[in-house]
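Take a look at the protein chains below. Keep the sequence beside the 3D view as you read.

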Amino acid sequence: MLVLTRKPGERLFIGDDIEITVVSVRGDQVRLGVTAPRSVAICRSELLEQVRQENLAAGRFAAARQATFARAASLSPPPAAQKTPARRARAG
Amino acid sequence: MRVHTLRFGEIDVPQEAVLHFSDGILGFPGLRRCCLLPHTSAAGIRWLQSLDDPALAFLTVEPHLIFPGYEIELPDADALALDLTDAKQAAVLTLITISQDVSAATANLLAPIVINTRTCLARQVILETDRYLTKHLIAHQLTDEADAGIDAKTR
């Protein structure tokens, strides 16, 4: 791993088009600014791990419980949901 | 295409119903092709069945049915990967996790599945928000209809 020392306000580039700025350092917290092309996904690593664990729990290892749930449960939408049109995802 | 599944036996999936997860999803990087199978009685609940792994299926729910205010802002990178330019072409599903206690089922509102209904491209999106978590309790929205004769294998 490449390790660099930077001060607040200083920047570094990854390739030509990803720019990381050290916005501020306060105690044990570092604020970083990232400028990157739209196609680059930026995500905190602990979130990735959290979603990974949740997917594993929701998928293969839950087959028996899924079946129980499917037999036992049905959805009853709240009255408000029937009157209000479903909101849509905002894309782009 | 005919596909063997653990829960539903042999199923026939039209080519146009195949959802393509070109990047897999976290924890299941090999997940590539899926289809949605309706739950026979619970409206809004569908199975997301892998077409490559007979044993792998997720329960999904249309989030607005249990969380009426649910709204997502699709990160640019995901909109590009899905080739989504029009929100009307997007379908959003959330994965359900069943814990030991069925009444403690949760929906993952932080990382919904977004589908481009025009191209059938699909991916799991991690939202850039602190409004939603990976575990939102949905049990209070569920009613027990154990005797309603629900059987996912009837399809």
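This report covers a buried glutamate, the nonpolar cores, a surface patch and the cysteines.

## The model

This is a predicted model.

## A buried glutamate

Start with A:Glu54. This residue sits in helix α1 of chain A, which covers residues 45-58. Its relative accessibility is 5%. The limit for buried is under 20%, so A:Glu54 counts as buried.

Which residues does A:Glu54 contact, leaving aside neighbours within four places in sequence? They are B:Thr97, B:Thr106, B:Asn108, B:Thr134 and B:Lys135.

## Nonpolar cores

The largest nonpolar core has 34 residues. Within this core, B:Tyr70, B:Leu74, B:Ile96 and B:Val114 touch the most other members. Chain B strands β4 (33-38), β5 (45-50), β6 (57-61) and β7 (90-97) each supply at least two residues of this core.

Another core lies apart from it, with 17 residues. Among them are B:Leu19, B:Leu31, B:Ile113 and B:Cys120.

## A nonpolar surface patch

Now move to the surface. A:Val25, A:Val30 and A:Leu32 form a nonpolar patch there. Together they have about 280 Å² of accessible area. A:Val30 belongs to strand β3 of chain A, residues 29-35.

## Cysteines without disulfides

A disulfide is a covalent bond between the sulfur atoms of two cysteines. How many disulfides does a search of the whole structure find? It finds zero over all chains.

Take B:Cys34. The closest cysteine sulfur, in B:Cys35, is 7.5 Å from the sulfur of B:Cys34, so the pair is too far apart for a bond. B:Cys34 has 0% relative accessibility and counts as buried. A:Cys43 is partly exposed, with a relative accessible area of 31%.

Conventions. Residues numbered from 1 in each chain as written. Chains lettered and ligands numbered in written order. Predicted model: local features only at pLDDT ≥ 70, side-chain atom pairs only at ≥ 80, totals over all residues. Heavy atoms only, no water. Helix = DSSP H or I, 4+ residues; strand = E, 2+ residues; numbered from the N terminus. Buried < 20%, exposed > 50% of the residue type's maximum accessible area, 1.4 Å probe, protein only. Contact = heavy atoms within 4.5 Å. Core = buried A, V, L, I, M, F, W, Y, C linked by side-chain atoms within 4.5 Å. Patch = residues over 30% accessible without salt bridge, like charges linked within 9 Å, V, L, I, M, F, W, Y side chains within 5 Å. Areas by Shrake-Rupley, 256 points an atom, 1.4 Å probe, with all protein chains shown as cover. Salt bridge = Lys/Arg side-chain N within 4 Å of Asp/Glu carboxyl O. Disulfide = S-S within 2.5 Å.
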